[in-house]
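Subject: Handing over the structure

Dear colleague,

I am passing this structure on to you, since you will be meeting it for the first time. Please have a look at the sequence and the fold before reading my notes.

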Amino acid sequence: FPSHDTMGKTAFSLNIARKISQVNEKQEGIMTFFLSIEMKNDEVLGRFLVEMASINGYRLRNAQLKPIEEQAAMIAKQNCNMKLLLDDSSGITVNQVWSKVKKIVNKYGVKVVIIDYLQKIIPTNPKESRERQIGLIVEKLKDMAKKLDIVVILLSQLSRENEKRQNKRPLLSDLRDSGSIEQESDVVMFVYRDWE
């Protein structure tokens with residue numbers, strides 16, 4: 001688990017999931033489904049705890065929390081009330097994603113689905129180019145969002161092209177195996193931290 005100030009695509013999406021699904025005095029929470037193809041559920045829960053309790057992820061992972069961090073973690077666990085479903089299925093195709101999401105939507109009334117991440121979904125057309133494979137996956141997920149009337153937040157890797165530029169800010173063309181990602185997306189957001 002990273003420390004609480006780490007920023008990346010997964011950390012950003014976990015923050016979105018926590019904020020929109022959390023039930024408290026101010027909001028009822030939106031039923032959310034987080035499909036983590038990259039990490040196990042216990043890792044995801046650990047990262048939630050790191051964020052909510054503002055504790056050190058390395059010490060949590062190695063059971064070396066300070067007493068004050070243990071207290072913060074306990075309070076965070078007790079006060080955690082989220083309308084959030086987690087799934088850590090790996091080796092999954094886009095058709096299996098669709099089937100899984102449809103069942104979850106029908107059973108629990110899920111409104112938001114977060115998928116971490118695009119390039120981990122197994123293509124069903126292995127003979128096609130990688131760009132075409134990714135394009136078909138994105139098209140099917142967009143169709144899924146429309147037909148099930150849900151919001152789909154799909155995480156994606158970037159290519160290494162921006163590392164070769166002086167200005168490292170990501171561009172649409174930096175989307176890895178971009179294919180039709182930008183074409184099918186309603187909104188494309190990049191996570192960027194200027195370290196200099």
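What follows is an account of what was found in it.

Please keep in mind throughout that this is a predicted model. The secondary structure of its chain comes to 7 helices and 4 strands, and these elements succeed one another along the sequence in the pattern α-β-α-α-α-β-α-β-α-β-α. Of the 196 residues in the chain, 38% are buried. If one takes the contacts in the chain with a separation of 6 or more, residues 24 or more positions apart account for 69% of them.

A good place to begin is the strand β3, which covers residues 112-116. Of its 5 residues, 5 are buried, and this holds on both faces, with V112, I114 and D116 on one side and V113 and I115 on the other. On one edge β3 pairs with β1 in the parallel sense over 5 bridges, and within this pairing L35 stands opposite I115. The strand β3 is also joined by 4 bridges to β4, residues 151-154, and these two strands run parallel as well; here I115 stands opposite L154. Between β3 and β4 the chain passes through α6, and the resulting β-α-β crossover is right-handed.

The nonpolar cores come next. In soluble globular proteins, nonpolar side chains tend to be buried together. The largest nonpolar core in this model has 24 residues, and those with the most contacts inside it are F33, V101, I115 and L141. At least two residues of this core come from each of β1 (32-36), α5 (94-108), β3 (112-116) and α6 (130-148), with α6 giving the most, namely 6 residues. Leaving aside the neighbours within four places in sequence, L141 is in contact with V94, V97, I115, I121, V152 and L154. Apart from this core lies another one, of 10 residues, which includes L14, M39, M82 and I114.

One residue of α5 deserves a separate word, and that is I104. Is I104 buried or exposed? Its relative accessible area is 17%, and because buried means under 20%, I104 counts as buried. Not counting residues up to four places away in sequence, I104 touches F33, L85, G109 and V110. The residues I104 and T32 are 72 residues apart along the chain, yet their C-alpha atoms are separated by 9.8 Å.

Finally, there are two notes on the aromatic rings. A search of the whole structure finds 0 aromatic pairs. There is, however, a charge over a ring, since K9 lies over the face of Y117, at 4.5 Å from the ring centre.

With these notes in hand, you could start from I115, which is one of the residues with the most contacts inside the largest nonpolar core and which stands opposite L35 in one pairing and L154 in the other.

Best wishes

Definitions and conventions
Residues are numbered from 1 along each chain as its sequence is written. This is a predicted model: local features need pLDDT of at least 70, side-chain atom pairs count only at pLDDT 80 or more; totals for chains, interfaces and linings use all residues. Side-chain values use heavy atoms; hydrogens and water are left out. A nonpolar core is a set of buried Ala, Val, Leu, Ile, Met, Phe, Trp, Tyr and Cys residues joined through side-chain atoms within 4.5 Å. Buried means under 20% relative accessible area, exposed over 50%, partly exposed in between (1.4 Å probe, protein chains only). Contact means heavy atoms within 4.5 Å. Two strands pair if DSSP finds at least two bridges between them. A crossover is right-handed if, with the strands pointing away from the viewer, the path from the first strand over the helix to the second runs clockwise. Rings of Phe, Tyr and Trp (its six-membered ring) pair if their centres lie within 6.5 Å; planes under 30 degrees apart count as stacked, over 60 as edge-to-face and the rest as tilted. A charge sits over a ring if NZ of Lys or CZ of Arg is within 6 Å of the ring centre and within 35 degrees of the ring normal.
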